[in-house]
Amino acid sequence: MNVRNCVKCGKIFNYITGPPICPTCKSELEERFQITKRYIRDNPHANIAEISEECDVSIKMIHQWVREERLIFSEDSPIGISCEICDTSIRTGRFCDVCKADIQHNLGGAYDNKEAIENFKRSRGKKEEMRFLNRDRD
Ligand SMILES: [Zn+2]
Ligand SMILES: [Zn+2]
C-alpha cells in the first residue's frame, strides 16, 4: 500500500496516481475548477486577479489549469497568454498550434523537457533571423 500525506491538508491517504492530494481535497479542487470555469465563461473580460479573488483560487492554480489546457480564455480576454516559444498570443496551454506541431515533429512531443524546448527556441530564433536576412537581401 502506498500511503502519502496530502500536499493540501496534510492528511494521510492511500496514494494511487496523479498529484499527491487526498480524495477530499481533490473533489474540493474540482469544485473550485468548475466555479472558475463558469466564472470565466460568464465574465470573459475578467483579469487573473479578479478571477482569483472571485473564485477563491490562487493565481498559481489558475496558471496551472491554463497550462493543462483545462481553462480557455475568450479571444478578447485581457489575460495575455503567449506561446513560450514564439510569443504569439494563445487562449490556453503553453504553446501555439504551430510550435506545438513543431515540438511534436522535432522533439517527439517532449513538451516538459525544458532543455530541449530551450534549444528548440534558440534554433527557431536563428531560423527567423536567417529568414529576415534573406528578406533583406532581396
Ligand atoms: Zn487533503
Ligand atoms: Zn508559438
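Reader: Why is C86 called partly exposed?
Author: C86 has a relative accessible area of 33%. Buried needs a value under 20% and exposed a value over 50%. C86 falls in between, so it counts as partly exposed. Note that this is a predicted model.

Reader: What makes C86 a donor of the zinc ion (ligand 2)?
Author: Its SG atom, together with those of C83, C96 and C99, coordinates the zinc ion (ligand 2) at 2.2 to 2.3 Å. A donor is an N, O or S atom within 2.8 Å of the metal. The four sulfurs meet that cut-off, so they count as donors.

Reader: Why is the arrangement around the zinc ion (ligand 2) called tetrahedral?
Author: The four donor atoms subtend angles of 104 to 118 degrees. The class asks for all angles between 85 and 135 degrees. The angles fit, and therefore the arrangement is tetrahedral.

Reader: What spacing do the donors of the zinc ion (ligand 2) follow along the chain?
Author: The spacing is C-x2-C-x9-C-x2-C. C83 and C96 are 13 residues apart and link distant parts of the chain. C83 is in the loop between β3 (81-82) and β4 (89-90), while C96 is in the loop between β4 and α4 (97-107). C83 and C96 are both buried.

Reader: Which residues donate to the zinc ion (ligand 1)?
Author: C6, C9, C22 and C25, each through SG, lying 2.3 Å from the ion. The limit for a donor is 2.8 Å, so these sulfurs qualify.

Reader: How do you know that the site of the zinc ion (ligand 1) is tetrahedral?
Author: The angles among its four donor atoms run from 105 to 115 degrees. The window is 85 to 135 degrees, so the site passes as tetrahedral. In sequence the donor residues are spaced C-x2-C-x12-C-x2-C. C9 and C25 link distant parts of the chain, 16 residues apart. C9 is in the loop between β1 (3-5) and β2 (12-14), and C25 is in helix α1.

Reader: C9, C22 and C25: buried, exposed or partly exposed?
Author: C9 has a relative accessible area of 44% and is partly exposed. C22 is at 1%, so it is buried. C25 is at 10% and counts as buried. The limit for buried is under 20%.

Reader: How many disulfides does a search of the whole structure find?
Author: Zero. A disulfide would need a pair of cysteine sulfur atoms within 2.5 Å.

Reader: Why is the pair of F13 and Y15 called edge-to-face?
Author: The structure holds three aromatic pairs. In one of them, F13 and Y15 lie 6.3 Å apart, centre to centre, with 75 degrees between the planes. Pairing requires centres within 6.5 Å, and edge-to-face requires planes over 60 degrees apart. Both conditions are met, so the label holds. F13 counts as buried at 10% relative accessibility. Y15 counts as buried at 16%.

Reader: What makes F33 and W65 an edge-to-face pair?
Author: Their ring centres are 5.1 Å apart and their planes are at 70 degrees, so the pair is edge-to-face. The pair links distant parts of the chain: F33 is in helix α1 (residues 23-42), W65 in helix α3 (residues 59-67), 32 residues apart. F33 counts as buried at 4% relative accessibility. W65 counts as buried at 2%.

Reader: Which charged residues sit over the rings of Y15 and F33?
Author: The charged end of R4 sits over the ring of Y15, 4.1 Å from its centre. R70 lies over the face of F33, at 3.9 Å from the ring centre. The distance limit is 6 Å.

Reader: What makes the approach of S52 to V57 a polar contact?
Author: A polar atom of the S52 side chain lies 2.7 Å from the backbone oxygen of V57. The cut-off is 3.5 Å, so the pair counts. S52 is found in helix α2 (residues 48-55). At 15% relative accessibility, S52 counts as buried.

Reader: What is the sign of phi in D56 and D87, positive or negative?
Author: Positive in D56, near 55 degrees, in a residue other than glycine. D87 is not a glycine either, and its phi is about 70 degrees. D56 lies in the loop between α2 and α3. D87 is placed in the loop between β3 and β4.

Reader: Why do D56 and D87 count as exposed?
Author: D56 has a relative accessible area of 57%. D87 is at 59%. Exposed means over 50%, so both residues qualify.

Technical notes. Residues numbered from 1 in each chain as written. Chains lettered and ligands numbered in written order. Predicted model: local features only at pLDDT ≥ 70, side-chain atom pairs only at ≥ 80, totals over all residues. Heavy atoms only, no water. Donors = N, O, S within 2.8 Å, 3.2 Å for Na, K, Ca; no water. Tetrahedral: all angles 85-135°; square planar, octahedral: opposite > 155°, others 65-115°. Helix = DSSP H or I, 4+ residues; strand = E, 2+ residues; numbered from the N terminus. Buried < 20%, exposed > 50% of the residue type's maximum accessible area, 1.4 Å probe, protein only. Phe/Tyr/Trp six-rings, centres within 6.5 Å; stacked < 30°, edge-to-face > 60°. Lys NZ or Arg CZ within 6 Å of the ring centre and 35° of its normal. Polar contact = N/O pair within 3.5 Å; in protein donor to acceptor, adjacent residues only side chain to side chain.
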